[in-house]
Amino acid sequence: MVIVKKFGYPLENRLVEKIDLMIKRCIQKNPKRDAVLNIEGAEGEGKTTLSVAIGYYIAEKTGRVFNHTRIFPDVKKMMEFLQNTEEEIAVWDEPALYALSGDANTRIVRDLTRLLMMCRKKRHFIIINLTYFNKFNEYIVWQRPLGMIHVYSRRNIQAGRFVYIRKMNLENLWRDWKRTQKRNYKKWASLGIRGRFPDVLNPSYKNNVLSDFDLDAYEKAKDEAIQSIGKEEKSYLRNELHKIKYK
């Protein structure tokens, strides 16, 4: 186990090896590159918790800032942040809010795709917490990320479990879904990169990060993002109707 010294929580060695390779990609002088890591799983399985644990590890290794201000439930705010900064850690935390219809080509997802295509030279480390990869487009699922961590509960009881899927197998996972309509994580996961992750947002966990991570501020930001979605959609529909009316 690798220990994140600031808080004392552990991360699996083999997973850390993968993250270290992604970090190296972000900090090398030439060519200028970034890193995108997907964390995927059902609601309530710990995507945010694991992304926070990894975020603080990256911060410790790189000297970059990480806390609740680097978690973005509102993707527009994250895109603005990434466009105007360099060498940051950012987590898109609730993309399912923008793709609940199952439409992988929503305006927001298209905007994020364009941003990811353009911002490599800024050397960001970007984590995207996906609720079911099949709701998103190919670029976000397998073309852009360097790997994906699938989180789950063992026997639907023991939470905090993960498997890792290498970049070379993400396309296979995607094609498998297209062919069978089954998310065959275990088939494409790396045998040696799996295990448990720490419950770092739980006040009862002795090595939690809550001395630095403002959970209330995070929850408030998430609530604001949820409330804004319906308003944005109504505004978009009004604009479209206005265009039709005056054509």
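This report walks through a predicted model of a protein, starting with the overall picture and then moving to its cores and ring pairs.

**The overall picture**

The protein has 247 residues, and 52% of them count as buried. Eight helices and nine strands make up its secondary structure elements. Sequence-distant contacts do a lot of the work here: of the contacts with a separation of 6 or more, 70% are between residues 24 or more positions apart. On the outside, the protein exposes about 12,700 Å², with carbon and sulfur atoms supplying 49% of that area.

**How far to trust it**

The mean pLDDT is 86, and 85% of the residues score at least 70. Strand β2 (residues 9–11) is where confidence is highest, at 98, while helix α8 (residues 215–245) has the lowest mean, 64. Two stretches deserve a wary eye. Residues 100–104 fall below 50 in pLDDT, with seven contacts in the model beyond near neighbours in sequence. Residues 234–247 are also below 50, and that stretch has one such contact. Where pLDDT is low, the predicted coordinates should not be read in detail.

**The cores**

Now for the inside. The largest nonpolar core has 40 residues, and the members touching the most others are Tyr9, Val52, Ile54, Phe125, Ile149 and Val209. Several elements give two or more residues to this core, including β2, α1 (13–27), β3, β6 (125–130) and β7 (147–154). Helix α2 gives the largest share, eight residues. Apart from this core lies another, of 33 residues, with Val109, Leu130, Val141 and Trp188 among them.

Ile149 is a handy place to zoom in. Leaving out residues up to four places away in sequence, Ile149 touches Leu15, Leu37, Asn38, Ile39, Glu40, Leu50, Ile54, Phe162, Val163 and Tyr164.

One of those partners, Ile39, sits in strand β3 (residues 35–40). Ile39 counts as buried because its relative accessibility is 0%, the cut-off being under 20%. Beyond its neighbours within four places in sequence, Ile39 is in contact with ten residues' worth of surroundings that include Lys47, Leu50, Ser51, Ile54, Ile127, Leu130 and Val151. As for Leu130, its C-alpha atom is 6.0 Å from that of Ile39, although the two are 91 residues apart along the chain.

**The ring pairs**

The count of aromatic pairs comes to six. Two of them share Tyr56, and here is how they look:

| Pair | Centre to centre | Angle between planes | Geometry |
|---|---|---|---|
| Phe7 and Tyr56 | 4.9 Å | 70° | edge-to-face |
| Tyr56 and Phe66 | 5.0 Å | 90° | edge-to-face |

The Phe7 and Tyr56 pair links distant parts of the chain, 49 residues apart: Phe7 is in the loop between β1 (2–4) and β2, and Tyr56 is in helix α2. The other pair ties together parts that are ten residues apart in sequence, because Tyr56 lies in helix α2 and Phe66 in the loop between α2 and β4 (71–72).

What about burial? Phe7 and Tyr56 are both buried. Tyr56 has a relative accessible area of 3%, and Phe66, at 4%, counts as buried too. Ring pairs link Phe7, Tyr9, Tyr56 and Phe66 into a cluster, and Tyr9 is also one of the residues that touch the most other members of the largest nonpolar core.

How values were computed: Residues are numbered from 1 along each chain as its sequence is written. This is a predicted model: local features need pLDDT of at least 70, side-chain atom pairs count only at pLDDT 80 or more; totals for chains, interfaces and linings use all residues. Side-chain values use heavy atoms; hydrogens and water are left out. pLDDT is the predictor's confidence in each residue, from 0 to 100. Helices (H or I, at least four residues) and strands (E, at least two) are DSSP runs, numbered from the N terminus. Contact means heavy atoms within 4.5 Å. Buried means under 20% relative accessible area, exposed over 50%, partly exposed in between (1.4 Å probe, protein chains only). A nonpolar core is a set of buried Ala, Val, Leu, Ile, Met, Phe, Trp, Tyr and Cys residues joined through side-chain atoms within 4.5 Å. Rings of Phe, Tyr and Trp (its six-membered ring) pair if their centres lie within 6.5 Å; planes under 30 degrees apart count as stacked, over 60 as edge-to-face and the rest as tilted. Accessible areas come from the Shrake-Rupley method with a 1.4 Å probe; for residues, only the protein chains shown count as cover.
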